[in-house]
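Reader: Please take one part of this model and go through it closely. I would like a single connected account rather than a list.

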Amino acid sequence: MKILLIAGNGLSTAILNQGPVDSVDLSNLFAKGGNVSWPATGRPGFLSYEHCPNLWALGARQTISAKDSYEIIEQIITAVNACCLAEPSSLDDGIYIRAYRELVSYLRYLFVHYDHELLKANFYDGEKILEPIDWLLDAVSDVDVTDIDVVSFNYDAFLERILHKRDIQFSIPLLDERVGCKLRIHKPHGSITFCGKVPIENSAFTISHGGAFHFAEGGLDELQVQYCDLDKHFPRVGILPPAGESERYSHRWIRQIWDAAIGAAKSLTENDLVVIYGLSYWHVDRKEVDMLLGEISRKARVVSVNPRPNAHFEAVCCSLFRSYHSHIGSGQLKRMIK
């Protein structure tokens, strides 16, 4: 049997909720922005008028609600998704494009900050945090499970650090290949662990607003996977902002990772198991999700885990798959691996 896990922010939230750390907030991406260090100085205040004037002008503050924070991000990404279809030279360097550049840099260092806070709190030593993925860890050792592919849209390294802590081997196709690993992790929106190969002095860090509007960020040969020194300044940014459609972007590495994820979905056959955990279904990212779901066998067993399922998403799954189940938590997943 093969297993495909499609993971959204809800999976990381479920893991964090088992051992909350006050300095980490996954529901409001601007709430801790003032705590994030500006790389050039090491001082707090990345999210500020000084460093992110365009995000600030759009209302990004530590004091706004989670709903308002996602509204700002959604506006930025909706605008940039449209711009990706236009001729770059025809575009003005407007506030939403400048805010996009700030958002990319800010999100990378926000999640690097969170990574540091969790390591400092010995978060990964806890056993309770395994509850949302205990079924996945069991599947790794199950001889009847031949392949496990994880398509994660999360920037964080929660899953990878949990696996490292427990000496569970995994492979990241195209970037950190490990021969013979049953478990493979695909991250088509990138990760804080996708870093350029040669860092630049942190003192040189800046967010450039000059030059043509484009998204050609190079190939996989310019990136590597690493889990230490993540706060360094790398010339390549290995993440794509949330709610973005990677197919619209010209990042070659995004396209290659996405193609590998699609290949994993296509490989599933009758009675293989698909677990969709904590996935959002906003209008700005649903085309990408639909493309992935559309490649999965109609005869696969599909299970969604979400305490607040999206009715439109459930309508899609009920239409695509003959065997579809929905649960509010992960408690029944161990029984599905049969």
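**A buried serine and its surroundings**

Author: Ser 69 is buried, its relative accessible area being 0%. The model is a predicted one, and burial here is a computed value: a residue counts as buried when its relative accessible area is under 20%, so Ser 69 with 0% qualifies. Ser 69 sits in helix α3, which covers residues 66-83. Setting aside neighbours within four places in sequence, Ser 69 is in contact with Asn 28, Leu 29, Phe 30 and Ile 64.

One of these partners, Phe 30, leads further into the interior. Not counting residues up to four places away in sequence, Phe 30 touches Ser 69 and Ile 64, and also Leu 47, Leu 55, Ala 60, Arg 61, Gln 62, Ile 72, Ile 73, Leu 103 and Tyr 106. Phe 30 also belongs to the largest nonpolar core, which has 86 residues. Within that core, the residues that touch the most other members are Phe 30, Leu 5, Phe 46, Leu 55, Ile 76, Leu 107 and Phe 111. Helix α4 (residues 95-120) supplies the largest share of this core, 12 residues. Another core lies apart from it, with 23 residues, among them Val 151, Ala 265, Cys 317 and Tyr 324.

Cys 317 also takes part in a helix contact. The axes of helix α8 (residues 286-294) and helix α9 (residues 311-320) come within 11 Å and cross at roughly 20°. That angle makes α8 roughly parallel to α9, and the crossing is right-handed. On the α8 side the contact is made by Val 289, Asp 290 and Leu 293, and on the α9 side by Phe 313, Val 316, Cys 317 and Leu 320. These contact residues divide into 6 nonpolar, no polar and 1 charged.

Notes:
Residues are numbered from 1 along each chain as its sequence is written. This is a predicted model: local features need pLDDT of at least 70, side-chain atom pairs count only at pLDDT 80 or more; totals for chains, interfaces and linings use all residues. Side-chain values use heavy atoms; hydrogens and water are left out. Axes are lines fitted to C-alpha atoms, for helices over the stretch in contact, and angles run from 0 to 180 degrees between N-to-C directions. Helices (H or I, at least four residues) and strands (E, at least two) are DSSP runs, numbered from the N terminus. Angles under 35 degrees count as roughly parallel, over 145 as roughly antiparallel, 65 to 115 as roughly perpendicular and the rest as oblique. A crossing is left-handed if the near helix is turned anticlockwise from the far one by less than a right angle, and right-handed if clockwise. Contact means heavy atoms within 4.5 Å. Ala, Val, Leu, Ile, Met, Phe, Trp, Tyr, Cys and Pro count as nonpolar, Asp, Glu, Lys and Arg as charged, and the others, Gly among them, as polar. Buried means under 20% relative accessible area, exposed over 50%, partly exposed in between (1.4 Å probe, protein chains only). A nonpolar core is a set of buried Ala, Val, Leu, Ile, Met, Phe, Trp, Tyr and Cys residues joined through side-chain atoms within 4.5 Å.
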